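Reader: I am new to this structure and would like a close look at a single part of it. Please take one part and work outward from there.

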Amino acid sequence: MGTWATGSFDNDTAADFADGLDDAKPEEREALIRGVLTRTVDASGYLTEAEEAVAAAALIAAQCPGGEPVDTSYGPETPMPTFPSDLRSLADEALARIVSDESGLASNWVDPRDGRQWRATLNGLRAVLAPPPPTIPLFDIEP
């Protein structure tokens with residue numbers, strides 16, 4: 001894995017995923033993102049697409065309130081479609097799986113500070129992806 005920083009697209013695999021999104025037809029991009037997230041959630045054993053799933057989650061988080069735009073030279077150059085809201089929970093589930101996988105990406109960091117920064121990045125994405133609490137009470141019970 002060629003990694004140069006702790007950002008979502010700061011590795012060869014995620015940069016290649018971004019290139020694939022750029023090469024795909026606009027109507028195919030959501031399916032590519034949903035596919036990588038679903039395969040990561042459903043994987044048993046080694047998470048082979050974890051880097052792509054982190055990149056996909058960052059793209060979804062960028063469209064959420066409080067999300068940071070993906071403005072890296074290694075991210076997709078073409079605009080992404082507006083993602084359906086169900087991808088938020090799928091992305092969060094994939095990130096939870098990745099961050100808890102001690103034998104996967106979490107163990108690849110030589111410098112422990114980089115590992116902590118990477119985990120902070122994933123936790124920040126998860127905080128944005130978490131569904132907002134309901135603002136309307138479901139039941140109004142009077143005593």
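Author: A starting point is T6, which sits in the segment before α1. The model is a predicted one, and what follows describes that prediction.

Is T6 buried or exposed? T6 has a relative accessibility of 15%, and because buried means under 20%, T6 counts as buried. Apart from neighbours within four places in sequence, T6 is in contact with W109, D114, Q117, W118 and T121. One of these partners, W118, is 112 residues away from T6 along the chain, yet the C-alpha atoms of the two are separated by 5.0 Å.

Two of the contact partners of T6, W109 and W118, also appear at an enclosed space. The structure holds one cavity of 30 Å³ or more. The volume of the largest cavity is about 110 Å³. Its lining is made of 13 residues, and those nearest its centre are N11, E51, L105, W109 and W118. Sorted by class, the lining of this cavity has six nonpolar, six polar and one charged residues.

Among the residues nearest the cavity centre is E51, and E51 is one of the buried residues of α3. That helix is the next stop. α3 has twelve residues and spans 16 Å from its first C-alpha to its last, close to the 16 Å expected at 1.5 Å a residue. Twelve of its twelve residues are buried, so α3 is largely enclosed by the rest of the structure. The buried set includes A50, E51, E52 and A53, and also L59, I60 and A61. Among what covers these buried residues are α1, α2, α4 and α5.

A50 shows how one residue of this helix is placed. A50 belongs to α3, and its relative accessible area is 5%, so A50 is buried, the cut-off being under 20%. Beyond its neighbours within four places in sequence, A50 is in contact with T40, I98 and L105. L105 is also among the residues nearest the centre of the largest cavity. I98 is 48 residues from A50 along the chain, and the C-alpha atoms of this pair are 6.4 Å apart.

I98 leads on to the nonpolar core. The largest nonpolar core has 38 residues, and those with the most contacts inside it are I33, L37, I60, L95, I98 and L129. At least two residues of this core come from each of α1 (12-23), α2 (29-42), α3 (50-61), α4 (86-100) and α5 (112-129). The largest share, ten residues, is supplied by α3. In soluble globular proteins, nonpolar side chains tend to be buried together.

What is in contact with I33, leaving aside its neighbours within four places in sequence? The partners of I33 are F17, L21, A56, L59, I60, M80 and F83. Of these, A56, L59 and I60 are listed among the buried residues of α3.

L37, another residue with many core contacts by the ranking above, is also a partner of L90. L90 is found in helix α4. The relative accessible area of L90 is 15%, so L90 is buried. With neighbours within four places in sequence left out, L90 is in contact with R34, L37, T38 and V41. F17, a contact partner of I33, is 73 residues from L90 along the chain, and the C-alpha atoms of L90 and F17 are separated by 18 Å.

The remaining helix to visit is α5. G115 lies in helix α5 and is buried, with a relative accessible area of 10%. From G115 to A55 there are 60 residues in sequence and 17 Å in space, C-alpha to C-alpha. A55 is one of the buried residues of α3.

α3 and α5 come together again at the largest pocket, where they are the elements that give two or more residues to the lining. This pocket holds about 240 Å³ of space. It is lined by 17 residues, and S8, A58, E68, P69 and L125 are the closest to its centre. α5 gives the most to this lining, with four residues. By class, the pocket lining has seven nonpolar, seven polar and three charged residues.

Notes: Residues numbered from 1 in each chain as written. Predicted model: local features only at pLDDT ≥ 70, side-chain atom pairs only at ≥ 80, totals over all residues. Heavy atoms only, no water. Core = buried A, V, L, I, M, F, W, Y, C linked by side-chain atoms within 4.5 Å. Buried < 20%, exposed > 50% of the residue type's maximum accessible area, 1.4 Å probe, protein only. Contact = heavy atoms within 4.5 Å. 1 Å grid on protein atoms, 1.4 Å probe; cavity = no way out; pocket = protein on both sides within 12 Å on 5 of 7 lines; lining within 4 Å. Points joined across faces, edges and corners; volume = space filled by probe spheres on them. Nonpolar A, V, L, I, M, F, W, Y, C, P; charged D, E, K, R; others polar. Expected span 1.5 Å × (residues − 1).
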